[in-house]
Amino acid sequence: MTEKQFVTHSPKETMALAERFAALLRPGDVVAYEGGMGAGKTVFTRGVARFFGVEDEVASPTFALVNEYGQNPVLAHFDLWRITDEDDLYSTGFFDYLDSGAILLVEWSGRAGDALPENCITVRIEGTGDTRTITLKGDGRFDDFGG
């Protein structure tokens, strides 16, 4: 697995990094976000969605649990904060999306337990204020990825 680390200094820079990252995504990819409340997971998702031409407002699906954006490929944006067990995860349609060819963008991915595929891509976001350290971990397609 390749691991790359970047520092951004504003939400605009975070979104720009996410757009460049999105160019490497393929249908069926699962992106597992790690980071605390307010870390910038949804901001990163906005950048991914912008790359794919999504014009809808991208918001955290905290209460809806999943928001779907775009058509080719579909982006399925999950927020698993309220998930407490596998039954809850089933109720979100998570497993159906895994088999659909959509790109899954999963906030609070640790709550998915063993349901995440082994080859998922991890985006860890840490920081305070506007400065973020963003660590991308994935397969070989990230070897030459630069910020």
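These questions and answers walk through helix 2, the salt bridges and a charged patch in a predicted model.

Me: Is helix 2 (residues 41-51) largely enclosed or open, and how many of its residues are buried?
Reply: Helix 2 spans residues 41-51. It is largely enclosed by the rest of the structure, because most of its length falls in the buried class: 8 of the 11 residues.

Me: Which residues of helix 2 are the buried ones?
Reply: Buried means under 20% relative accessible area. In helix 2 that class takes in charged, polar and nonpolar names alike: Lys-41, Thr-42, Val-43, Phe-44, Thr-45, Gly-47, Val-48 and Ala-49.

Me: What covers the buried residues of helix 2?
Reply: The cover includes one helix, helix 1 (11-22). It also includes strand 2 (30-34), strand 4 (75-79), strand 5 (103-107), strand 6 (121-128) and strand 7 (131-138).

Me: Which residue follows helix 2, and what is its phi?
Reply: Gly-53 follows helix 2. The phi of Gly-53 is positive, near 80°.

Me: Which residue forms a salt bridge with Arg-50?
Reply: Side chains of opposite charge can pair when their charged atoms come close. For Arg-50, the closest N and O atoms of the pair are 2.6 Å apart. The pair links helix 1 to helix 2, across 31 residues. The partner is Glu-19.

Me: Are Glu-19 and Arg-50 buried, partly exposed or exposed?
Reply: Buried needs under 20% and exposed needs over 50%. Glu-19 has 24% relative accessibility, so it counts as partly exposed. Arg-50 has 40%, so it too counts as partly exposed.

Me: Which residue meets Asp-29 in a salt bridge at 2.6 Å?
Reply: Asp-29 sits in the loop between helix 1 and strand 2, and its partner lies in the segment after strand 7, 112 residues apart. Asp-29 counts as buried at 10% relative accessibility. The partner is buried as well, at 17%. It is Arg-141.

Me: What is the N to O distance between Glu-126 and Arg-124?
Reply: Glu-126 counts as partly exposed at 41% relative accessibility. Arg-124 counts as partly exposed at 28%. Their side chains meet in a salt bridge, N to O, at 4.0 Å.

Me: Which residues are joined into one network by salt bridges that share partners?
Reply: The count comes to 5 salt bridges. Those that share partners join Asp-29, Asp-139 and Arg-141.

Me: Lys-41 is buried yet has no salt bridge; which side chain of opposite charge is nearest?
Reply: Lys-41 lies in helix 2. Beyond four places in sequence, Lys-41 touches Tyr-33, Gly-35, Gly-36, Glu-107, Trp-108 and Ile-125. A salt bridge needs nitrogen and oxygen within 4 Å. The nearest side chain of opposite charge is 4.8 Å away, and belongs to Glu-107.

Me: Which residues is Gly-35 in contact with, leaving aside neighbours within four places in sequence?
Reply: Gly-35 is in the loop between strand 2 and helix 2. Its relative accessible area is 22%, so it is partly exposed. Its contacts are Lys-41, Trp-108 and Ile-125.

Me: Which residues form the negative surface patch?
Reply: One of its members, Asp-114, lies in the loop between strand 5 and strand 6. Asp-114 is exposed, with a relative accessible area of 81%. The patch is formed by Asp-85, Glu-86, Asp-87 and Asp-114.

Notes
Residues numbered from 1 in each chain as written. Predicted model: local features only at pLDDT ≥ 70, side-chain atom pairs only at ≥ 80, totals over all residues. Heavy atoms only, no water. Buried < 20%, exposed > 50% of the residue type's maximum accessible area, 1.4 Å probe, protein only. Helix = DSSP H or I, 4+ residues; strand = E, 2+ residues; numbered from the N terminus. Contact = heavy atoms within 4.5 Å. Patch = residues over 30% accessible without salt bridge, like charges linked within 9 Å, V, L, I, M, F, W, Y side chains within 5 Å. Areas by Shrake-Rupley, 256 points an atom, 1.4 Å probe, with all protein chains shown as cover. Lys, Arg positive; Asp, Glu negative; His and termini not counted. Charge placed at Lys NZ, Arg CZ, Asp CG, Glu CD.
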